[in-house]
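New to this one? Here is a quick briefing on its sheet and its disulfides.

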Amino acid sequence: MHVRQRVTGTVAALALAASGLLAAAPTASASAPAAFSCSARLVTGSGGHRGAEIRCTGSSFTGVVDCKRTDNGYVYRHFGNRVPSGGTSTVWCDLNATVIQAYGTPS
(Lines give C-alpha, C1' and ligand atoms only; values in the text may rest on other atoms or scores of the structure.)
Protein backbone atom coordinates (compact mmCIF):
# COMPACT_ATOMS: atom_id res chain seq x y z
CA MET A 1 0.00 0.00 0.00
CA HIS A 2 2.83 2.41 0.76
CA VAL A 3 4.36 1.86 -2.68
CA ARG A 4 1.06 2.67 -4.40
CA GLN A 5 0.74 5.93 -2.41
CA ARG A 6 4.30 6.94 -3.29
CA VAL A 7 3.72 6.28 -7.01
CA THR A 8 0.48 8.29 -6.92
CA GLY A 9 2.20 11.17 -5.11
CA THR A 10 5.11 11.15 -7.57
CA VAL A 11 2.80 11.17 -10.62
CA ALA A 12 0.81 14.06 -9.14
CA ALA A 13 3.99 16.04 -8.42
CA LEU A 14 5.28 15.48 -11.98
CA ALA A 15 1.95 16.57 -13.45
CA LEU A 16 2.00 19.79 -11.44
CA ALA A 17 5.61 20.50 -12.41
CA ALA A 18 4.86 19.87 -16.10
CA SER A 19 1.84 22.17 -16.07
CA GLY A 20 3.96 24.90 -14.48
CA LEU A 21 6.56 24.56 -17.23
CA LEU A 22 3.94 24.72 -19.96
CA ALA A 23 2.34 27.79 -18.43
CA ALA A 24 5.71 29.58 -18.37
CA ALA A 25 6.54 28.84 -22.04
CA PRO A 26 6.17 31.91 -24.29
CA THR A 27 3.69 31.78 -27.15
CA ALA A 28 4.62 32.46 -30.75
CA SER A 29 2.29 35.45 -30.98
CA ALA A 30 4.13 37.23 -28.16
CA SER A 31 7.00 38.15 -30.49
CA ALA A 32 5.17 39.88 -33.35
CA PRO A 33 7.48 41.50 -35.93
CA ALA A 34 7.70 45.28 -36.18
CA ALA A 35 5.46 46.92 -38.78
CA PHE A 36 7.10 47.93 -42.06
CA SER A 37 6.79 51.69 -42.57
CA CYS A 38 8.36 54.08 -45.10
CA SER A 39 8.60 57.76 -45.90
CA ALA A 40 10.01 59.47 -48.99
CA ARG A 41 11.43 62.91 -49.68
CA LEU A 42 11.79 64.21 -53.24
CA VAL A 43 15.23 65.54 -54.17
CA THR A 44 16.81 67.30 -57.15
CA GLY A 45 20.38 66.56 -58.20
CA SER A 46 22.96 69.07 -59.40
CA GLY A 47 22.43 68.09 -63.04
CA GLY A 48 18.65 68.49 -62.80
CA HIS A 49 17.91 64.82 -62.14
CA ARG A 50 14.84 64.15 -60.00
CA GLY A 51 14.84 61.44 -57.37
CA ALA A 52 13.79 60.42 -53.89
CA GLU A 53 15.38 59.61 -50.55
CA ILE A 54 13.42 56.72 -49.04
CA ARG A 55 13.66 55.73 -45.38
CA CYS A 56 11.95 52.61 -43.95
CA THR A 57 11.81 50.85 -40.60
CA GLY A 58 10.82 47.31 -39.71
CA SER A 59 12.96 45.42 -42.24
CA SER A 60 15.87 45.75 -44.65
CA PHE A 61 14.54 47.31 -47.84
CA THR A 62 15.24 48.54 -51.35
CA GLY A 63 14.11 51.99 -52.48
CA VAL A 64 11.94 52.19 -55.61
CA VAL A 65 10.80 55.12 -57.78
CA ASP A 66 8.40 55.15 -60.69
CA CYS A 67 9.44 57.82 -63.17
CA LYS A 68 7.72 59.53 -66.10
CA ARG A 69 9.61 61.15 -68.94
CA THR A 70 8.49 64.70 -69.69
CA ASP A 71 9.15 64.47 -73.45
CA ASN A 72 7.17 61.34 -74.41
CA GLY A 73 5.30 60.28 -71.24
CA TYR A 74 7.10 56.92 -70.94
CA VAL A 75 6.76 55.45 -67.42
CA TYR A 76 9.51 53.23 -65.95
CA ARG A 77 10.88 52.04 -62.60
CA HIS A 78 14.31 52.43 -60.98
CA PHE A 79 15.61 50.59 -57.91
CA GLY A 80 17.98 52.00 -55.30
CA ASN A 81 20.44 50.31 -53.01
CA ARG A 82 19.41 47.73 -50.37
CA VAL A 83 19.81 49.12 -46.85
CA PRO A 84 19.04 47.99 -43.28
CA SER A 85 16.00 49.17 -41.34
CA GLY A 86 16.29 52.87 -40.48
CA GLY A 87 18.67 53.58 -43.38
CA THR A 88 18.13 55.71 -46.48
CA SER A 89 18.01 54.48 -50.06
CA THR A 90 18.42 57.20 -52.71
CA VAL A 91 16.97 56.52 -56.17
CA TRP A 92 17.21 58.72 -59.27
CA CYS A 93 15.15 59.10 -62.43
CA ASP A 94 16.78 59.86 -65.78
CA LEU A 95 17.28 63.47 -66.87
CA ASN A 96 14.02 65.02 -68.17
CA ALA A 97 11.85 62.73 -66.03
CA THR A 98 9.83 63.25 -62.86
CA VAL A 99 9.10 61.01 -59.90
CA ILE A 100 5.47 59.87 -59.89
CA GLN A 101 5.79 57.42 -56.98
CA ALA A 102 8.48 56.59 -54.39
CA TYR A 103 8.40 53.75 -51.87
CA GLY A 104 10.41 50.99 -50.23
CA THR A 105 10.01 47.26 -50.64
CA PRO A 106 11.22 44.75 -48.01
CA SER A 107 14.25 42.80 -49.19
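A disulfide here means a pair of cysteine sulfur atoms within 2.5 Å. Keep in mind that this is a predicted model. Searching the whole structure turns up 2 disulfides, and counting bonded cysteines along the chain gives the pattern 1-2, 3-4.

**Cys-38 and Cys-56**
- These two cysteines form a disulfide with their sulfur atoms 2.0 Å apart.
- The link of Cys-38 and Cys-56 is right-handed, with 110° about the S-S bond.
- It ties together distant parts of the chain, 18 residues apart: Cys-38 sits in strand β1 (residues 37–44) and Cys-56 in strand β2 (residues 50–57).
- Cys-38 counts as partly exposed at 33% relative accessibility, while Cys-56 counts as buried at 1%.

**Cys-67 and Cys-93**
- Another disulfide joins Cys-67 to Cys-93, S to S 1.9 Å.
- The torsion about the S-S bond of Cys-67 and Cys-93 is about -85°, so this disulfide is left-handed.
- Distant parts of the chain meet here too, 26 residues apart: Cys-67 is in strand β3, and Cys-93 is in the loop between β5 (88–92) and β6.
- Cys-67 is buried, with a relative accessible area of 0%, and Cys-93 is buried as well, at 2%.

**The sheet**
- There is an open sheet of 3 strands in the order β4-β3-β6, paired antiparallel.
- Its edge strands, β4 (75–83) and β6 (97–106), each pair on one side only.
- On average, neighbouring strands of this sheet are turned by 20° against each other, direction ignored.
- Strand β3 (residues 61–69) runs antiparallel to β4, and 7 bridges join them.
- Phe-61 stands opposite Val-83 in β4.

Conventions. Residues numbered from 1 in each chain as written. Predicted model: local features only at pLDDT ≥ 70, side-chain atom pairs only at ≥ 80, totals over all residues. Heavy atoms only, no water. Pairing = 2+ DSSP bridges. Helix = DSSP H or I, 4+ residues; strand = E, 2+ residues; numbered from the N terminus. Axes fitted to C-alpha atoms, helices over the stretch in contact; angles between N-to-C directions. Buried < 20%, exposed > 50% of the residue type's maximum accessible area, 1.4 Å probe, protein only.
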